[in-house]
Amino acid sequence: MFYIHSFGVNVPFLDQWNEFPAFLMKYENSDLSIFDLFSQQNESRPFFPRIFMFSMSLITSYNVKSLMYLSYGFYCISFFILFSMYKKDHGVTKLSLLKFVPIAWFFFNLFQMSNFLFGIRTEQSLHILAFISAVYLIDSSKKFDSKFLASIGFAFVSLFSFAAGTITWIVCLVQVVLSNSDEKIKKTVVWITCTAVSFSVYLFGYAKPSHHPSLLYSLYNLEDGVSTFLNSVGSTIIRDPVLSPIVGLLIITILVFIFIVNRKNLQLEKNSKWFSLVLFSLFASLEVSVARAGFGSSVALSQRYLLLTYWSIIGLYFISLNFVNIYCRNFQIVPDRFSAKDIIEKTKILNYLLLGSVLCLLFIGVSYHFVTGIETGSVLNEQFEQNKYYLETFDLQPDKNLERLYPDATAVREKATLLRKYNLSVFSQEKYDLEALKKKDKEPQYSVDSINGQQVNLIKDKTVNIAITSTETDEIVIEGWAVDVDENKLARAVFIVVNDKITVPSRYGIKREDLINNLNNKDFLKAGFRASFNPSLLGDGTHRIKIAVVSNDGTSYCIGQKNEYNLYV
């Protein structure tokens with residue numbers, strides 16, 4: 001949660017513009033129906049996540065960070081279910097808890113956490129929760145009972161949360177067949193019937209997204225398909241176009257050796273649930289290969305797929321651990337066909353080697369994802385903070401800036417207008433209006449460092465003239481820093497004032513490590529500002545720019561008068 005608190009930003013991004021803002025427009029016109037919630041989003045029909053996301057958005061004024069916490073909450077519940085499954089095999093002792101630690105570290109690795117910086121991940125996290133719940137219930141069900149019926153319900157939720165829910169039905173069918181339970185035939189028939197019905201509902205009115213590659217691409221381009229598959233499997237541990245396929249092949253090799261070494265005693269009673277996790281992950285990688293290979297094999301390295309593919313190494317670890325435990329116990333519990341001491345010892349050593357290999361991969365993955373998780377969090381935070389500023393000032397921005405939020409700038413303007421009307425998302429937060437503040441007749445402490453990349457030097461001259469050709473650029477960018485000199489603290493906000501008429505808010509709070517030494521105050525680390533706006537707002541001619549600095553307490557402002565910044569457009 002600290003990771004989300006530190007790096008998360010309240011701003012809609014990409015597919016989120018097709019969710020709550022679009023539904024809000026229909027809701028406002030009394031035109032929202034259950035069929036809208038059921039509608040297709042790429043290959044998915046996220047009916048259940050939409051209910052959660054729409055409800056949460058209404059409650060929190062569409063604070064996207066609340067959706068991040070919601071997704072993380074689903075993910076944490078999945079973790080506790082996973083631990084319950086592990087506890088069934090190993091109990092709760094100091095040793096068993098110690099053996100579970102590598103999985104806990106891997107499960108909550110920081111790169112995985114970066115997935116939750118996208119509020120739209122509610123779809124995947126709810127899908128994962130429904131999948132692991134179905135696996136848990138099937139494993140707990142020993143006859144045709146309420147637990148089995150509940151597992152069918154969770155499989156349905158999984159399917160109507162994310163496209164990979166199709167895999168849930170297939171994998172859980174295998175688990176039902178492999179499980180040692182009463183009325184297995186009846187359960188299998190019912191599961192197949194429910195699968196057919198669910199798939200029929202899911203595919204009703206389905207249309208392949210036109211911008212996605214052909215599903216037959218991998219078949220006709222086998223090398224790309226295999227490369228994408230191995231990239232996807234290996235990205236669980238490391239995200240590198242060269243190393244990921246090698247790691248993916250290693251994971252599959254370990255799985256094959258586990259089957260070979262323990263082929264006469266697979267312990268399906270204990271391991272069927274763990275095999276389900278591995279099978280789910282491999283099918284997810286296959287799905288990525290079939291549906292996305294046309295975008296290039298590197299698409300499999302995308303962080304959003306890690307929520308689906310990381311189960312393979314988790315399942316392998318628990319399977320290996322179970323086999324090691326078997327051969328560490330008294331020989332009496334080993335079936336007669338394994339009674340020969342040398343065979344048992346050999347099998348024991350091989351299982352230790354396989355467990356050691358899986359552990360090595362886990363620790364490599366934890367270490368690698370820790371570093372990349374910090375880097376990714378910082379990059380996404382900077383990207384989303386800038387996007388947030390563009391959304392707050394969408395009236396002033398050129399289309400190219402709004403297209404960072406969603407490819408259709410016109411759609412962003414239309415939906416942003418609605419968000420502003422109802423004080424939602426970024427518009428629900430406190431804003432400052434210079435006209436409502438007290439103006440102080442005092443020179444603020446600030447500096448304009450550059451205008452459209454041209455460095456500003458006021459050492460020799462108090463007047464700066466910058467020429468901008470409106471036909472060559474569609475954006476004016478002004479960067480610098482400012483502080484509240486009276487309080488010796490950060491300012492509350494910074495504005496660009498053009499011709500004493502047009503007021504442009506800036507993005508304030510950008511890191512400027514040079515100011516710590518230059519101003520001899522460590523509190524000024526985030527005193528940087530950046531403002532951008534469309535030059536078409538000014539028109540041709542000469543325009544004078546001034547800097548207005550809002551005091552730290554937000555009650556007054558000072559406007560710079562000594563320095564002159566003239567734009568020739």
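Here are some worked exercises on helix packing, cavities and the largest pocket in this predicted model.

## Exercise 1: helix 9 against helix 11

Work out how helix 9 and helix 11 are oriented to each other, and which residues make their contact.

*Step 1, the geometry.* Two packed helices are described by the angle between their axes and the distance between the axes. For helix 9 (residues 146-159) and helix 11 (residues 184-203), the angle is about 25° and the axes lie 11 Å apart.

*Step 2, the class of the angle.* Angles under 35 degrees count as roughly parallel. Helix 9 and helix 11 are therefore roughly parallel to each other.

*Step 3, the handedness.* The crossing in which helix 9 passes helix 11 is right-handed.

*Step 4, the residues.* On the helix 9 side, the contact is made by Phe148, Ser151, Ile152, Ala155, Phe156 and Leu159. Helix 11 brings Lys187, Val190, Trp191, Cys194, Ser198, Phe199 and Tyr202. Sorted by class, this contact has 10 nonpolar, two polar and one charged residues.

## Exercise 2: helix 5 against helix 6

Repeat the analysis for helix 5 and helix 6, and say which class their angle falls into.

*Step 1, the geometry.* Helix 5 (residues 64-90) packs on helix 6 (residues 94-107) at an angle of about 155°, with axes 11 Å apart.

*Step 2, the class of the angle.* Here the cut-off to apply is 145 degrees, over which angles count as roughly antiparallel. Helix 5 is therefore roughly antiparallel to helix 6.

*Step 3, the handedness.* Helix 5 passes helix 6 in a right-handed crossing.

*Step 4, the residues.* From helix 5 come Tyr75, Ser78, Phe79, Leu82, Phe83, Tyr86 and His90. They meet Ser96, Leu97, Lys99, Phe100, Ile103, Ala104 and Phe107 of helix 6. The class count for this contact is 10 nonpolar, three polar and one charged residues.

## Exercise 3: helix 4 and the largest cavity

Follow helix 4 through two settings: its packing on helix 5, and the lining of the largest cavity.

*Step 1, the packing.* Helix 4 and helix 5 pack at an angle of about 140°, with their axes 10 Å apart. That makes helix 4 oblique to helix 5. Their crossing is right-handed.

*Step 2, the contact.* Phe52, Met53, Met56 and Ser57 of helix 4 meet Ser66, Leu67, Leu70 and Phe74 of helix 5. By class, there are six nonpolar, two polar and no charged residues in this contact.

*Step 3, the cavity.* The model has two cavities of 30 Å³ or more, and the largest has a volume of about 80 Å³. Among the residues that line the largest cavity are Phe20, Phe23, Arg50, Met53, Phe54, Ser57 and Leu67.

*Step 4, the elements.* Helix 2 (20-28) and helix 4 (47-59) each supply at least two lining residues, and helix 4 has the largest share, with four. The lining divides into seven nonpolar, three polar and two charged residues.

*Step 5, the link.* Now put the two lists side by side. Met53 and Ser57 of helix 4 and Leu67 of helix 5 belong to the helix contact, and Met53, Ser57 and Leu67 also line the largest cavity.

## Exercise 4: the second largest cavity

Find which residues line the second largest cavity, and which element gives the largest share.

*Step 1, the volume.* The second largest cavity has a volume of about 40 Å³.

*Step 2, the lining.* Its lining is made of Ile138, Asp139, Lys142, Gln175, Ser179, Asn180, Leu268, Glu269 and Ser272.

*Step 3, the elements.* Helix 8 (122-140) and helix 15 (268-292) give two or more residues each. The largest share, three residues, is from helix 15.

*Step 4, the classes.* This lining has two nonpolar, four polar and three charged residues.

## Exercise 5: the largest pocket

Describe the largest pocket by its volume, its lining and the elements around it.

*Step 1, the volume.* The pocket has a volume of about 1400 Å³.

*Step 2, the centre.* It is lined by 41 residues, and those closest to its centre are Lys388, Glu392, Ser506, Arg507 and Tyr508.

*Step 3, the elements.* At least two lining residues come from each of helix 1 (2-7), helix 18 (341-392), strand 7 (493-498), strand 8 (502-505) and strand 9 (507-510). Helix 18 gives the most, with seven residues.

*Step 4, the classes.* The lining of the largest pocket has 16 nonpolar, 11 polar and 14 charged residues.

Technical notes
Residues numbered from 1 in each chain as written. Predicted model: local features only at pLDDT ≥ 70, side-chain atom pairs only at ≥ 80, totals over all residues. Heavy atoms only, no water. Axes fitted to C-alpha atoms, helices over the stretch in contact; angles between N-to-C directions. Parallel < 35°, antiparallel > 145°, perpendicular 65-115°, else oblique. Left-handed = near helix turned anticlockwise from the far one by under 90°. Contact = heavy atoms within 4.5 Å. Nonpolar A, V, L, I, M, F, W, Y, C, P; charged D, E, K, R; others polar. 1 Å grid on protein atoms, 1.4 Å probe; cavity = no way out; pocket = protein on both sides within 12 Å on 5 of 7 lines; lining within 4 Å. Points joined across faces, edges and corners; volume = space filled by probe spheres on them.
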